[in-house]
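This briefing goes through one structure by topic, beginning with its nonpolar cores and going on to its strands and helices. Please read it alongside the sequence and the coordinates.

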Amino acid sequence: MQKYTGKLAVLYQGQGDILPFQQLAERLKVPLYQSVNNECPESFFLTWRDGCLKLLDKELLKKGGLVVDIEPRNGEQRSWPAPKDGALAHALGRKTKTVIDATTGWGQDSLHIFRMGYEVLCIERSPVMTELLSDGFKRLVELEWMQKLNLQSPRLLIGNAIELLATLDAPPDCIYLDPMFPPKRKKSALPKKSMMVLRDLLGDDQDKEQLFAAALMAAGKRIVVKSPDYAEPLGGKPNESFHGKLLRYDVYFKG
Ligand SMILES: C[S@@+](CC[C@H](N)C(=O)[O-])C[C@H]1O[C@@H](n2cnc3c(N)ncnc32)[C@H](O)[C@@H]1O
């Protein structure tokens, strides 16, 4: 996993047992540090703080860090299943029951879809993001409302969705894609810190067209692509589009 060389390290600052930190560093094949100074070439660090696995950059070292946030987003109803309304639900479709999120990232869309009562399977290829997601999904299943309703966290498949989508036992009703698009050149609204860090760590997803083609083969009924409002539709003219704040959900029906 040479892609993290000089970019990422695990940070242990006396938080109890060092073993999980060592194991995490070994899994990701990155160094384990006990402190960070200006000599460290890495700009990203993983560490456990306040019971969560967190991703830090040098700016976030003192301030906290980024985690897979398992709380509902602003404006989302705090119930399960939350009402299926808003642009995302309209794009997923009234008859959809099963969804594969093939680009899970920070899991925010997956968790929104899960909280609306859809059955969600998550795919993510970045080993760092899958560590953060596994930690978030472990915290999710321990929440009181999840336990009361006897719910399990979404299942997470680790790997490249272009390959994994070709090996499914049964097609999901919908495949959801939110790949990383290049930023707009003109000045635009600043992306969220979590997305800026993701872009710095992983870069743009150069193979989104292949991912769309794989999704088109594997989906049962539809593909939904989330994209910035300035981007060209990924799969050509969509059958439907739903607009959110500075973004668009393009829907492609399976013929
Ligand atoms: C823009 S982020 C997704 C953000 C996500 N929708 C959320 O709510 O947090 C894109 C993510 O998709 C992942 N990704 C892109 N192409 C992929 C592929 N072919 N297979 C698996 N994961 C992929 C990237 O590693 C990245 O973590």
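A nonpolar core is here a set of buried Ala, Val, Leu, Ile, Met, Phe, Trp, Tyr and Cys residues that are joined through side-chain atoms within 4.5 Å, where buried stands for under 20% relative accessible area. The model is a predicted one, and in it the largest such core has 58 residues.

**Nonpolar cores**

- Within the largest core, the residues that touch the most other members are Leu8, Leu46, Leu55, Leu92 and Leu132.
- Helix α4 (residues 127-141) supplies the largest share of this core, namely six residues, and at least three residues come from each of domain 1 (2-60) and domain 2 (87-253).
- When its neighbours within four places in sequence are left aside, Leu55 has contacts that include Leu8, Phe44, Leu46, Trp106, Leu132 and Leu201.
- Separate from this is a second core of 18 residues, with Ile100, Ala161, Leu177 and Ala215 among them.

**The β3-β4 hairpin**

- Strand β3 (residues 44-49) pairs with β4 in the antiparallel sense over six bridges, and Arg49 has Cys52 in β4 as its bridge partner.
- The two strands form a hairpin with two residues between them, and Asp50 in the turn has a positive phi of about 50°.
- Because six of the six residues of β4 (residues 52-57) are buried, this strand is largely enclosed by the rest of the structure.
- In a regular strand, side chains alternate between the two faces of the sheet.
- Both faces of β4 are covered, with Cys52, Lys54 and Leu56 buried on one side and Leu53, Leu55 and Asp57 buried on the other.

**The seven-stranded sheet**

- An open sheet with mixed pairing is formed by seven strands, in the order β7-β6-β5-β8-β9-β11-β10.
- The edges are held by β7 (155-158) and β10 (240-244), each of which has a single partner strand, so one side of each is left without a neighbour in the sheet.
- From one strand to the next, the twist averages 20°.
- Strands β5 (residues 98-101) and β6 (residues 119-124) pair in the parallel sense over four bridges, and the bridge partner of Ile100 in β6 is Leu121.

**Helices on the sheet**

- Helix α3 (residues 108-115) packs on the sheet, where it touches β5, β6, β8 (174-177) and β9 (222-228), and its direction makes about 170° with that of β6.
- Helix α8 (residues 208-218) lies across β8, β9 and β11 (247-253), and it runs at about 170° to β8.

Notes. Residues are numbered from 1 along each chain as its sequence is written. This is a predicted model: local features need pLDDT of at least 70, side-chain atom pairs count only at pLDDT 80 or more; totals for chains, interfaces and linings use all residues. Side-chain values use heavy atoms; hydrogens and water are left out. Two strands pair if DSSP finds at least two bridges between them. Axes are lines fitted to C-alpha atoms, for helices over the stretch in contact, and angles run from 0 to 180 degrees between N-to-C directions. Contact means heavy atoms within 4.5 Å. Buried means under 20% relative accessible area, exposed over 50%, partly exposed in between (1.4 Å probe, protein chains only). Domain bounds come from an automatic or database domain assignment.
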